[in-house]
Amino acid sequence: MSRPRTRPGDQALPGSAVDALAHCVRSLRSVRRFLAADVDQRSVEFVLELATRAGSAKNRQPWRFVVVRDAAVLAELARWYRRSWQKMADLAASRPELFPAGGRQQAQLRESESLARSFGSVPVVVVACFTPSPSNPANFYGGASIYPAVQNLLLAARAIGLGGTLTTLQAVDELPEAVRLDGGSGVVAELRTLLGIPVEVVPAAVIPLGWPAEPLTANRRTPVQEVSCADRWDNRWSTG
């Protein structure tokens, strides 16, 4: 049975929907400050459902989401996040050449510190996990299976007025410079123990979610023509 034929543009969204999508993408920002308000179950399930609609090679769907809303577990998670941030701060202090004064790394460290201090008041935390397999191992390419789902989750959150940010402090022990630091059993091992995550599963992102405490304005990005090439690396993109 032959498939129905389509023509270019037949499956485009209505113009208003395209505008809404573009607005979501252009105003998707890292949110680290939240209102003291709960996030309802329906909203949480909405962002999770859209996360699971991400692309997946051979439809393996190698993602699992640990959604933390219980106050006691959130408190433990907040303490874990502060310890993890402190390890990153210790690394910055021991290797100042990696975190030059006035540099972007220092700015990110300060922003992370602000989140670490307020993490206990975050209403929801989603830990996105990657479940490796022999045909889809936990390497650089494995990220192609989990981070599109995280992006979907953040876009879905933005669409309904929620905010969040992708954090990866659980991976601080993987930095070569961190091996000399006294980190106990390792932050990722502590996270697995805290949330009962099996050792073979990879916590890929820790995502705080909530209602933003500040307006979500347009994000700042480098113009397309400065980051794109036409056909070859040395052929700069030109706008039509």
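This section describes the aromatic pairs, the strand β2 and the two largest pockets of a predicted model.

Two aromatic pairs are present in the structure. In one of them, W80 and Y81 meet edge-to-face, with 6.2 Å from centre to centre and 65° between the planes. A pair of aromatic rings is described in this way, by the distance of the centres and the angle of the planes. W80 is buried at a relative accessible area of 1%, and Y81 likewise counts as buried, at 1% relative accessibility. In the other pair, the ring centres of Y81 and F119 lie 4.3 Å apart and the planes stand at 10°, so this pair is stacked, the limit for stacking being under 30 degrees. Y81 belongs to helix α3 (residues 71-94), whereas F119 is found in the loop between α4 (104-118) and β2 (124-130); the pair therefore ties together parts that are 38 residues apart in sequence. Both partners, Y81 and F119, are buried. Together, W80, Y81 and F119 make up one aromatic cluster.

The strand that follows this loop, β2, is mostly covered, with seven of its seven residues buried. In a regular strand the side chains alternate between the two faces of the sheet. In β2, V124, V126, A128 and F130 point one way, while V125, V127 and C129 point the other way, and all of these residues are buried. β2 pairs with two strands described here. With strand β1 (residues 63-68) the pairing is antiparallel and extends over six bridges; V68 has V125 of β2 as its bridge partner. With β4 the pairing is also antiparallel, over seven bridges, and F130 stands opposite V202 of β4.

Within β2, V125 offers a view of the surroundings of a single residue. V125 has a relative accessibility of 0% and therefore counts as buried, the limit being under 20%. Apart from neighbours within four places in sequence, V125 is in contact with V66, V67, V68, L74, L77, F119, V206, I207 and P208. Among these contacts is F119, which is also a member of the aromatic cluster with W80 and Y81. The C-alpha atoms of V125 and R42 are separated by 15 Å, the two residues being 83 residues apart along the chain.

Pockets were also examined. The largest pocket holds about 1,600 Å³ of space. Its lining comprises 43 residues, and those nearest the centre are S30, R32, Q108, E111 and T165. Two or more lining residues come from each of α1 (15-26), α3, α4 and α5 (143-159). Of the elements, α4 gives the most to this lining, with nine residues. By class, the lining of the largest pocket divides into 20 nonpolar, 13 polar and 10 charged residues.

The second largest pocket has a volume of about 330 Å³. It is lined by 17 residues, with Y147, E174, V202, P203 and A204 closest to its centre. The elements that contribute two or more residues to this lining are α5, α6 (187-195) and β4 (202-210). Its residues comprise 10 nonpolar, five polar and two charged. V202, one of the residues closest to the centre of this pocket, is also the residue of β4 that F130 stands opposite.

Definitions and conventions. Residues numbered from 1 in each chain as written. Predicted model: local features only at pLDDT ≥ 70, side-chain atom pairs only at ≥ 80, totals over all residues. Heavy atoms only, no water. Phe/Tyr/Trp six-rings, centres within 6.5 Å; stacked < 30°, edge-to-face > 60°. Buried < 20%, exposed > 50% of the residue type's maximum accessible area, 1.4 Å probe, protein only. Helix = DSSP H or I, 4+ residues; strand = E, 2+ residues; numbered from the N terminus. 1 Å grid on protein atoms, 1.4 Å probe; cavity = no way out; pocket = protein on both sides within 12 Å on 5 of 7 lines; lining within 4 Å. Points joined across faces, edges and corners; volume = space filled by probe spheres on them. Nonpolar A, V, L, I, M, F, W, Y, C, P; charged D, E, K, R; others polar. Pairing = 2+ DSSP bridges. Contact = heavy atoms within 4.5 Å.
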